[in-house]
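Colleague: I've got a new structure to look at, and I keep tripping over the words people use for it. Can you walk me through what each one rests on?

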Amino acid sequence: MMKRLLSLFLAALLLALLTGCGAGDGSNGAAPGGSAGRDNAATDSWEINGSMDFDAYPEGDGMFDAVAPAPPGEVPSAPDAAGSGRKVIYTASIDMETTDFDTASQALSRLVEDCSGYFEDRSVSHRDVYRSGRYTVRVPAAQFEAFCDQAGQICRLTDLRTTEENVSEAYYDIEARLATQRIKLERLQKLLSEADNMADIITIESAISDTELQIEYLTGDLRHYDALIDYATIQIDLREVYRLSNTPEPPQSFGERIAGALYSGLEGAVTAFEELMVLLAYIWVLILLLVLVGAGLFVLRRRKRTKEKVKEETEAKE
């Protein structure tokens, strides 16, 4: 009889636990690791000893008080969005060009070091005689604006795009759900220590396993958010060029413009002559072949004319 009463008592406790703690599991946060979808995989409700007679215990007798919902102070609430608790992810995309790739690359490395950052990824590719580098840089969020401002001093900045994503709502939602799951785990562990029915023990252990899995997922989501919030991500494309594009020039006088036009014309003529020489160098075999064929045709035609002339002279003598 005592065992039956204890089993009924444990079942009532678990039922109240599901009623109090299950409400905290229903919110859907935009976790980067997809924790909202994983919540569906965990079982937040279960049946214990379905043959128990719950009608034997009237309501209002204090049996459910032990598993009442947690007081508001136990679950952290999101701070005011206008306060210092804002969670912002900073990202930037920077395109730069330089005529001295080695110097620019070294200056970029020094800038990253001065801003207490690091290279998450970097690669350099070659195209003809020019090089291009692609870098993923992580710098502390406090150094984000300073890094973007100083990057334009390394070499010519052709494009800069920055974004600020406020993830406070999603972050504190995950934090609150994590606190709820931890409270739920503590209460399940307490119930497990008091259970003496094997069916109840198995069910409680299964619930504990699911809760621990949820805690692991939510903790991983928070760590991922913390990494993105604490360190800004900057994507940099550095290209080596022969001449910088769209370089601003000071106003010129009429004489300077005439001199510049003459110089540009001469430079264009020299460039065209160089290109012609390069083209001739590519097709010299074809040119030689055409010259030989033309010379052969000229010799054959000349011989033919000579024979015709001799024939005409012979006929005239006869």
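**What the words mean here**

Colleague: Let's start at the surface. Why is Arg 161 called partly exposed?

Modeller: Arg 161 has a relative accessibility of 43%. Buried means under 20%, exposed means over 50%, and partly exposed is what lies in between, using a 1.4 Å probe and counting protein chains only. So 43% puts Arg 161 in the middle class. One caution before we go on: this is a predicted model, where local features need pLDDT of at least 70 and side-chain atom pairs count only at pLDDT 80 or more, while totals for chains, interfaces and linings use all residues. Numbering runs from 1 along each chain as its sequence is written, and side-chain values use heavy atoms, with hydrogens and water left out.

Colleague: And how do you know which class Asp 159 belongs to?

Modeller: Asp 159 comes out at 25% relative accessibility, so it counts as partly exposed too.

Colleague: What makes Arg 161 and Asp 159 a salt bridge?

Modeller: The rule asks for a side-chain nitrogen of Lys or Arg within 4 Å of a carboxyl oxygen of Asp or Glu. In this pair the closest N and O atoms are 1.7 Å apart, so the pair passes the test. The structure holds seven salt bridges.

Colleague: Where is there one inside a helix?

Modeller: Try Asp 173 and Arg 177, whose side chains meet with 3.4 Å from N to O. Both sit in helix α5 (residues 168–194), four residues apart, which is about one turn of the helix. Helices here are DSSP runs of H or I with at least four residues, strands are runs of E with at least two, and both are numbered from the N terminus. As for cover, Arg 177 has a relative accessible area of just 3%, so it is buried.

Colleague: What makes the salt bridge of Arg 131 with Glu 240 a long-distance tie?

Modeller: Their closest N and O atoms are 3.3 Å apart. Arg 131 belongs to strand β3 (residues 130–140) and Glu 240 to strand β5 (residues 231–240), so the bridge ties together parts that are 109 residues apart in sequence. Arg 131 and Glu 240 are both buried, and with Asp 102 they are linked in a network of salt bridges.

Colleague: How do you know that β3 and β5 pair?

Modeller: Two strands pair if DSSP finds at least two bridges between them. β3 and β5 have nine, running antiparallel, so the rule is met. Ser 132, for instance, stands opposite Arg 239 in β5. On another side of the story, nine bridges also join β3 to strand β2 (residues 118–127), again antiparallel. There, Val 124 has Gly 133 of β3 as its bridge partner. β2 and β3 make a hairpin with two residues between them, and Asp 128 in that turn has a positive phi of about 60 degrees.

Colleague: Why is Phe 101 called buried?

Modeller: Its relative accessible area is 3%, so Phe 101 is buried. It lies in helix α3 (residues 101–114). Beyond neighbours within four places in sequence, its contacts (heavy atoms within 4.5 Å) include Val 124, Arg 131, Tyr 135 and Glu 240.

Colleague: What makes a group of residues a nonpolar core?

Modeller: They must be buried Ala, Val, Leu, Ile, Met, Phe, Trp, Tyr or Cys residues joined through side-chain atoms within 4.5 Å. The largest such set has 24 residues, and Tyr 135, Val 137, Phe 147, Ile 234 and Ile 236 have the most contacts inside it. β1 (88–98), α3, β3, α4 (144–154) and β5 each supply at least two of its residues. Apart from that core lies another, of 20 residues, with Ala 170 and Tyr 225 among them. As a general rule, nonpolar side chains in soluble globular proteins tend to be buried together.

Colleague: Last one: why is Cys 115 not bonded to Cys 148?

Modeller: A disulfide needs two cysteine sulfur atoms within 2.5 Å. The sulfur of Cys 115 is 9.3 Å from its closest cysteine sulfur, the one in Cys 148, so that is too far for a bond. Searching the whole structure turns up zero disulfides. Cys 115 is buried at 3% relative accessibility, and Cys 155 is buried at 11%.
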